[in-house]
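Take a look at the model below. We start with the ligand, move out to the pocket, and end with the backbone.

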Amino acid sequence: MRIIFIGPPGSGKGTQAKRLADVHAIPHISTGDMLREAVAAGTPLGNKVQGIMASGALVDDATMADVVRDRLAKPDAGRGYLLDGYPRTLPQAETLAGILQDAGRELDAVLLVEVPEDELVRRALLRGRADDTEEVIRERLRVYREKTAPLIGYYRERGLLRVIDGNRPIEDVTARMLGLFGIGHEVAGV
Ligand code: AP5
């Protein structure tokens with residue numbers, strides 16, 4: 001199973017991807033988490049992206065292509081994965097299509113998690129991560145609309161898009177996602 005999560009910052013992509021990864025026993029691959037780990041560890045990648053992340057901008061596509069190509073080549077990704085935070089631009093979507101084609105694999109679905117903007121800001125402020133100040137959140141939302149929202153049409157045209165109402169309790173959102181993949185609601189209490 002290879003599924004992509006897209007949606008604005010704070011829509012719950014990470015929360016839901018973790019829950020589905022537990023059910024399916026496949027890795028949850030979050031590019032945001034990978035970059036934050038690199039920053040915390042002070043690696044060359046971390047030093048390069050620290051300021052970019054703090055501003056709410058996107059890391060460049062070439063750097064992200066290296067990060068994702070390396071991660072998807074790891075053995076645990078062989079059985080599938082839930083990709084959270086990548087792709088985020090049309091060039092990244094094309095890079096991912098190339099990686100999949102080279103591996104002879106296909107995507108199963110792209111889940112778009114929709115949440116109203118006021119709720120996104122409320123959630124992020126509650127969470128209080130380093131890049132969760134109101135100013136940076138608003139910038140991440142602006143970047144999402146400009147750079148990431150075009151992916152909605154891209155994946156809809158390819159018949160892969162599934163839209164999920166993310167403005168519901170966490171358990172309900174998980175149940176809806178599990179239902180999409182025929183697992184049924186009886187295991188939704190994860
Ligand atoms: P990333 O970590 O991917 O940030 P994001 O997309 O802004 O995602 P968030 O983690 O803010 O939101 P989420 O949708 O995962 O929500 P979550 O589940 O955490 O990326 C960070 C930065 O890294 C980027 O700004 C960029 O600089 C860089 N980057 C990463 N990938 C990149 C790429 N591909 N290209 C270029 N740059 C890249 O939930 C948020 C909060 O809401 C939590 O507290 C949660 O408990 C709560 N919550 C979740 N669901 C619900 C619910 N249903 N009801 C109530 N509360 C909920």
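How many nonpolar, polar and charged residues does the shell around the ligand have? By class, the shell holds eleven nonpolar, ten polar and eight charged residues. Keep in mind that this is a predicted model.

Now go in closer. The ligand has 29 residues around it. Those that come nearest are Thr15, Ala57, Arg88, Arg127 and Arg140. Two of these names return when we turn to polar contacts, where the cut-off is 3.5 Å between N or O atoms. Start with Thr15. An N or O atom in the Thr15 side chain is 2.5 Å from an oxygen atom of the ligand. Next comes Arg88. A polar atom of the Arg88 side chain lies 2.6 Å from a ligand oxygen. Arg36 also takes part, with a polar side-chain atom 2.9 Å from an oxygen atom of the ligand. How much of the ligand is covered by the protein? On its own, the ligand has 1100 Å² of accessible area, and the protein covers 87% of that.

Which elements build this shell? Helix 1 (13-24), helix 2 (31-41) and helix 6 (117-127) each give two or more residues to it. Helix 2 gives the most, with four residues.

Step back to the space itself. Rolling a probe the size of a water molecule over the atoms shows where empty space is left. The ligand sits in the largest pocket. That pocket holds about 910 Å³ of space. Its lining counts 47 residues. Pro9, Gly10, Lys13, Arg129 and Arg140 lie nearest the pocket centre. Arg140 is thus a name to note twice: it is also among the residues that come nearest the ligand. Strands join helices in the lining. Two or more residues each come from strand 1 (2-6), helix 1, strand 2 (28-30), helix 2, helix 6, helix 7 (134-148) and helix 9 (170-180). By class, the lining divides into 19 nonpolar, 16 polar and twelve charged residues.

Finish with the backbone. Most residues other than glycine have a negative phi, and most peptide bonds are trans. Where does this chain depart from that? Ala25 has a positive phi of about 55 degrees, although it is not a glycine. Ala25 is in the loop between helix 1 and strand 2. The peptide bond from Tyr86 to Pro87 is cis, with omega near 0 degrees. Pro87 lies in the loop between strand 3 (81-84) and helix 5 (90-103).

Note on methods: Residues are numbered from 1 along each chain as its sequence is written. This is a predicted model: local features need pLDDT of at least 70, side-chain atom pairs count only at pLDDT 80 or more; totals for chains, interfaces and linings use all residues. Side-chain values use heavy atoms; hydrogens and water are left out. A residue is near a molecule or strand if one of its heavy atoms lies within 4 Å of it. A polar contact is a pair of N or O atoms within 3.5 Å; within protein, one must be able to donate a hydrogen and the other to accept it, and residues adjacent in sequence count only if both atoms are side-chain atoms. Accessible areas come from the Shrake-Rupley method with a 1.4 Å probe; for residues, only the protein chains shown count as cover. On a 1 Å grid over the protein atoms alone, a cavity is a set of points where a 1.4 Å probe fits but cannot get out, and a pocket is an open set with protein on both sides within 12 Å along at least five of seven lines; lining residues have an atom within 4 Å of a point. A molecule sits in a cavity or pocket if more than half of its atoms lie within 2 Å of its grid points. Ala, Val, Leu, Ile, Met, Phe, Trp, Tyr, Cys and Pro count as nonpolar, Asp, Glu, Lys and Arg as charged, and the others, Gly among them, as polar. Grid points are joined across faces, edges and corners, and a volume is the space filled by probe spheres set on the points.
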